[in-house]
Amino acid sequence: MAVHSTTQQSPVGTAILTFSQDYTADTPTAEEFSATSGLKVLAVMIDNRGNSTNSYLKLWDLGAAPTVGSTTPNYVFRASAGTRCQYTIDVGTTFTDEIYGVVVGTTSVASGALTTTTTTPANAVTVKLLVTT
């Protein structure tokens, strides 16, 4: 039996940021995912298996907490009802300031609804961001 050794490339991501959002109030509040500026997001995973409706992850690249429902997010990712999904960002997207995020639920995706929606998912939603510096 021969043994072969393969040199591995440098890891793509250097950290995984995990956020679990379980609401007790009706109004969601954006959470700071990372206070480190200059992080590059390479992948997003949203676990929405506990909900029977779609959930939406909103991400902001800001120096201070956004106001959910009035501050336009930089990115919005959808997780269909009862699913876990992953988005891969080919070359990554760099956040020049801190990363803030929130998960909202909505039954309508009418024009502007994703910016103004402030409803909460019925059950917990877990988000993971694969990042690097």
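**Exercises on a four-stranded sheet and its surroundings**

In this predicted model, 4 strands make up an open sheet with antiparallel pairing, in the order β1-β8-β3-β6. Let's work through it together.

**Exercise 1.** Find which strands are the edge strands of the sheet, then work inward to the pairing of β3 with β8.

*Solution.* Start at the edges: β1 (15–21) and β6 (84–95) each pair on one side only. On average, neighbouring strands of the sheet are turned by 20 degrees against each other, direction ignored. Next, move to β3 (residues 39–47) and β8 (residues 125–132), which pair in the antiparallel sense over 7 bridges. Within this pair, valine 41 stands opposite valine 131 in β8.

**Exercise 2.** Decide with which residue aspartate 47 forms a salt bridge, and whether aspartate 47 is buried or exposed.

*Solution.* Recall that side chains of opposite charge can pair when their charged atoms come close. Here the partner is arginine 49, and the closest N and O atoms are 2.8 Å apart. That is within the 4 Å cut-off for a salt bridge, and the count for the model comes to 1. For the second part, aspartate 47 has a relative accessible area of 16%; buried means under 20%, so aspartate 47 is buried.

**Exercise 3.** Describe the surroundings of asparagine 48, in the loop between β3 and β4 (55–62).

*Solution.* First, accessibility: at 0% relative accessible area, asparagine 48 is buried. Second, polar partners: its side chain makes a polar contact with the side chain of serine 55 (2.9 Å). Third, contacts beyond four places in sequence: among them are Thr53, Ala79, Gly82, Arg84 and Val125.

Terms used
Residues numbered from 1 in each chain as written. Predicted model: local features only at pLDDT ≥ 70, side-chain atom pairs only at ≥ 80, totals over all residues. Heavy atoms only, no water. Pairing = 2+ DSSP bridges. Helix = DSSP H or I, 4+ residues; strand = E, 2+ residues; numbered from the N terminus. Axes fitted to C-alpha atoms, helices over the stretch in contact; angles between N-to-C directions. Salt bridge = Lys/Arg side-chain N within 4 Å of Asp/Glu carboxyl O. Buried < 20%, exposed > 50% of the residue type's maximum accessible area, 1.4 Å probe, protein only. Polar contact = N/O pair within 3.5 Å; in protein donor to acceptor, adjacent residues only side chain to side chain. Contact = heavy atoms within 4.5 Å.
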